[in-house]
Amino acid sequence: MSATPSLSGPSGHALPSYLQADQLGPWGIYLQQVDRVIPYLGHLARWAETLKRPKRALIVDVPIELDNGTIAHFEGYRVQHNTSRGPGKGGVRFHQDVTLSEVMALSAWMSVKNAAVNVPYGGAKGGIRVDPKTLSRGELERMTRRYTSEIGIIIGPTKDIPAPDVNTNEQIMAWMMDTYSMNQGATATGVVTGKPIDLGGSLGRREATGRGVFTVGSEAARHIGMDLGQARVAVQGFGNVGSIAAKLFAQAGARVVAVQDHAGTIYQPAGLDLPALLAHAAREGTVMGFQPAETIANDSFWDVDCDILIPAALEQQITAANAGRIKARMVIEGANGPTTPQADDILQERNVLVLPDVIANAGGVTVSYFEWVQDFSSFFWSEDEINARLVRIMKEAFEGIWNVAQQHKVSLRTATFIVACQRILHARELRGLYP
Ligand code: NAD
């Protein structure tokens, strides 16, 4: 497999050398993943280039007046990668390192993820290049509202439905829903998911991604004969995804031995007290300072003795530089794109089972789908119903992907891409090209 993915069709050109291997941006990594799946697409390979081109990418200027009277401009994006199977769907990220390449890749992974769990959506993603911690609440609200208004021309309950991602939450979704509704002249709860319960949000949505991580992790553990009651878990990222996944693994009897967040890494081989750590992190905004855990260097996180490693922070964390040091038997990708293709190969050679993002963190969008359905029907389900449906969908999807991986002797990532890309391209083929 070439380290340089083809950017285009038969007459296309290769990416320049400075974008190769671990230097590749997230979009380049996604292209490599698509190249790996093309040999398994049969007659649908004819349509594969569709997957390499986002349908629509919007860059918007987001000007706001800061509290000190000056004007600040932020760069915002909304990318709709593919809508063959339904409206675009995917989160909105506020982070100082957001780039168009990143948002494009995240939107493409949403296409794959939504098809992998078979919810009737295409893929989309959005973001603003900003460190929201530097903004006051008022500034954050003004920026969110202006961004929503700017992308309002392409989003909507039947067009493209945003949701929370890194540094965005229920409050941001409430402001987005309100802004869109004001511009439309009618309340449109279905324009975003991950809303507060009192505004048409769904029970179980906040915990859904972490619950999905735990569900596929448990299924995979069963397949490889790993006893969760004896397992040691290390988690990178203690936000929505990482903290809930850690809590559910601890409830299943596993020992969470290390946690890393933006401020540092804590380590306690006997197992961290999760309820106490959750309370500490909610109070302090970080896991750092939690007693009696010790603090270790961030880089030492990759050497921690553990059975399960859960990257649940940002992209490109597991690289060729640290993949050889990982002790875990299983990596569950709570984050999107945390493993570079080179690192993926190293882990596979070392027999470390990687549960890829495109299935492992699909619990969030699955319950987002439930939220959207509930909003349309204005009829709301109980939390037990939602969790039961979520677990059933995740288990069935994982089982199908596991079988495809066995059948073709490929990684679970390639197997997920095979299942998902076949669904997307079959829909493309059925619809045909317009005109
Ligand atoms: P979040 O903002 O709630 O939490 C992010 C966590 O990562 C925080 O604990 C933060 O301290 C930590 N972090 C940030 N930079 C870090 C660094 N350099 N090193 C270590 N830790 C760092 O975000 P989230 O919603 O939990 O999302 C985490 C990941 O999961 C992202 O990749 C996101 O795209 C993905 N994801 C989220 C959802 C969802 O429903 N929230 C769904 C699917 C995928």
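I take buried to mean under 20% relative accessible area. With that noted, I should add that this is a predicted model.

**Entry: cysteines**

I looked up C421 and found a relative accessibility of 0%, so C421 counts as buried. I then turned to C306, which is buried too, at a relative accessible area of 4%. Next I checked for disulfides, and the structure holds 0 of them.

**Entry: helix 1 against helix 12**

C421 led me to a helix contact, since it is one of the helix 12 residues that meet helix 1. I noted the pair as helix 1, residues 26-37, and helix 12, residues 412-431. How far apart are their axes, and at what angle do the helices pack? I read 9 Å between the axes and an angle of about 75 degrees. That makes helix 1 roughly perpendicular to helix 12.

I wrote down who meets whom: helix 1 brings Y30, Q33, V34, R36 and V37, while helix 12 brings R413, T414, F417, I418 and C421. Sorting the residues of this contact by kind, I got 6 nonpolar, 2 polar and 2 charged.

**Entry: E139**

My last stop was E139, which sits in helix 3, residues 137-151. Is E139 buried or exposed? I found E139 buried, with a relative accessible area of 8%. Leaving out residues up to four places away in sequence, I listed I64, L66, D67 and T134 as the ones E139 touches. I also took the C-alpha to C-alpha distance from E139 to A427: it is 42 Å in space, with their positions 288 residues apart in sequence.

Methods:
Residues are numbered from 1 along each chain as its sequence is written. This is a predicted model: local features need pLDDT of at least 70, side-chain atom pairs count only at pLDDT 80 or more; totals for chains, interfaces and linings use all residues. Side-chain values use heavy atoms; hydrogens and water are left out. Axes are lines fitted to C-alpha atoms, for helices over the stretch in contact, and angles run from 0 to 180 degrees between N-to-C directions. Helices (H or I, at least four residues) and strands (E, at least two) are DSSP runs, numbered from the N terminus. Angles under 35 degrees count as roughly parallel, over 145 as roughly antiparallel, 65 to 115 as roughly perpendicular and the rest as oblique. Contact means heavy atoms within 4.5 Å. Ala, Val, Leu, Ile, Met, Phe, Trp, Tyr, Cys and Pro count as nonpolar, Asp, Glu, Lys and Arg as charged, and the others, Gly among them, as polar. A disulfide is a pair of cysteine sulfur atoms within 2.5 Å. Buried means under 20% relative accessible area, exposed over 50%, partly exposed in between (1.4 Å probe, protein chains only).
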